[in-house]
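Trainee: I am new to this structure and should like to understand how its parts meet. May we go through it together?

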Amino acid sequence: MARFSERDGLGLGSRLTEERLRPALVPTRPGPPGEVTDSGVDRRIEAAALRCITRRGVRRTTLDDVAREAGCSRATIYRAFPGGKDAVMASAAHAEIEQLLDHLGAAVERTTTLADALVAAITGATRAVLGHEAFTYLLVNEPGAVQPYLAFDGLDPVLARAVSFLTPHLEPYLDRTTARRTAEWVARLVVLYAEPGAPFDLADPDDARQLVAIHVLPGLEATRPQEQQS
Amino acid sequence: MSANESTRLRVLAATLRCVERWGLEKTSLEDVAREAEVSRATVYRYFPGGREQLVHETVVWEVGRFFQLLEQATAVESTLDGKLRRGLMFGHRAVKEHALLQHILATEPEALLAELSNAFPLIEQAVRGYFLALLRSEPLRPDVSAAEAADYLTRLFFSYVGSQGQWDFAEPDAVDDLVRTQFLAGVLAERPG
């Protein structure tokens, strides 16, 4: 089982984190050293892929669909993503996740208490995920594309990324081990309560605050101070 | 057990064996009938919904057996705390060591996960009932409802049994911390001293 190094928690190792994510979540960038990759083109292709997914899902989207939507040739896509459709899809997913985390980080940064940080992380993540057009399209119409990442071993890299993201925001309040464990706990809660009809609607800050008050804060109070992990 | 029940079980067990041999997608009703040594008509009698119903009920049956084993493994513990600790350790290992489950997750996860999501509300309800019964004999925090607590414990339990995250379930101290803090701190009344 992959263990993420402590460096990831400081945000220094975001590429390190990528390297340990499942292959489907990791884009392989092309090009010999020195070649300037046009990241604008990459982003345009990824954005086009996402629009295609929102219309017909992953399986039924072809590279030609993406090329047409991006207004470029298949050759251009292959130049940017030699791995083809799989590479484009993985890269698009990765880019969306990182963008979500950027926005989430900004929201969490504005808080000044632990409870507020937790609530901001929970509601922010829930709203971003459930409001994401491509993701919700897949959840409803092509669940096989996303379910492998929400259960069993497939969930572990998602949890690990959540931990590397949230831990630094919790460290002002908690020792490192507890911060890492709490980050993972919170990520699990977002996944667990994201279903319609769940007793807590974590997109609602009041519900999120209730869940945090009932379960998370008492859990933290009951925590024995942990030794620093080396 | 009646003859009907035993035939139904025979078909379910045969389905599992076929899936082990050929995978989920490639297992046909005919394969199952042959393996169970019954006619197709017999299979349809017990599973009028055909292959779809057969696969669904086989999954529900196997998951049910998993939780039965879990219940047996945790029976030796008398407290909720003890049952959760043992349940997490045993359950996590049982998932990892379930050869058929791991094989399908590696080769054709989509079909199985779709089945498990369909079966999930039923399974969740059973586990929730189990926790609810246990909670009735424990002192709860004053403003906590047993129903909400049972729901919370069920969700969190499934999450950890399925995916270990950063935790090492072979470490009793870690499991003790996990259960005490994340599962029970918000549920059970604080013990004095």
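**Contacts and cores**

Mentor: In this predicted model, 26 residues of chain A are in contact with 23 residues of chain B.

Trainee: Which helix of chain B gives the largest share of the side that touches chain A?

Mentor: The elements giving two or more residues to that side of chain B are helix 7 (109-135), helix 8 (146-162) and helix 9 (172-184). By class, the side has eight nonpolar, ten polar and five charged residues. The largest share, seven residues, comes from helix 8 of chain B.

Trainee: How many residues does domain 2 of chain B bring to its contact with domain 1 of chain B?

Mentor: Chain B is divided into domain 1 (1-48) and domain 2 (55-184). Taken over C-alpha atoms, the centres of these domains of chain B are separated by 28 Å. Domain 1 of chain B gives nine residues to the contact; by class, these are five nonpolar, two polar and two charged. From domain 2 of chain B, the contact takes ten residues.

Trainee: Where does the largest nonpolar core lie with respect to the domains of chain B?

Mentor: This core has 80 residues, and Ala121(A) is one of those that touch the most other members. Both domain 1 (1-48) and domain 2 (55-184) of chain B give residues to the core, so it lies between domain 1 and domain 2 of chain B.

Trainee: How many residues has the other core, which lies apart from it?

Mentor: Among the members of that other core are Val127(B), Tyr152(B), Leu156(B) and Val175(B). Its number of residues is 23.

Notes
Residues numbered from 1 in each chain as written. Chains lettered and ligands numbered in written order. Predicted model: local features only at pLDDT ≥ 70, side-chain atom pairs only at ≥ 80, totals over all residues. Core = buried A, V, L, I, M, F, W, Y, C linked by C-beta atoms within 7 Å. Buried ≥ 20, exposed ≤ 12 C-beta atoms within 10 Å, placed from the backbone. Domains from an automatic or database assignment. Contact = placed C-beta atoms within 7 Å. Helix = DSSP H or I, 4+ residues; strand = E, 2+ residues; numbered from the N terminus. Nonpolar A, V, L, I, M, F, W, Y, C, P; charged D, E, K, R; others polar.
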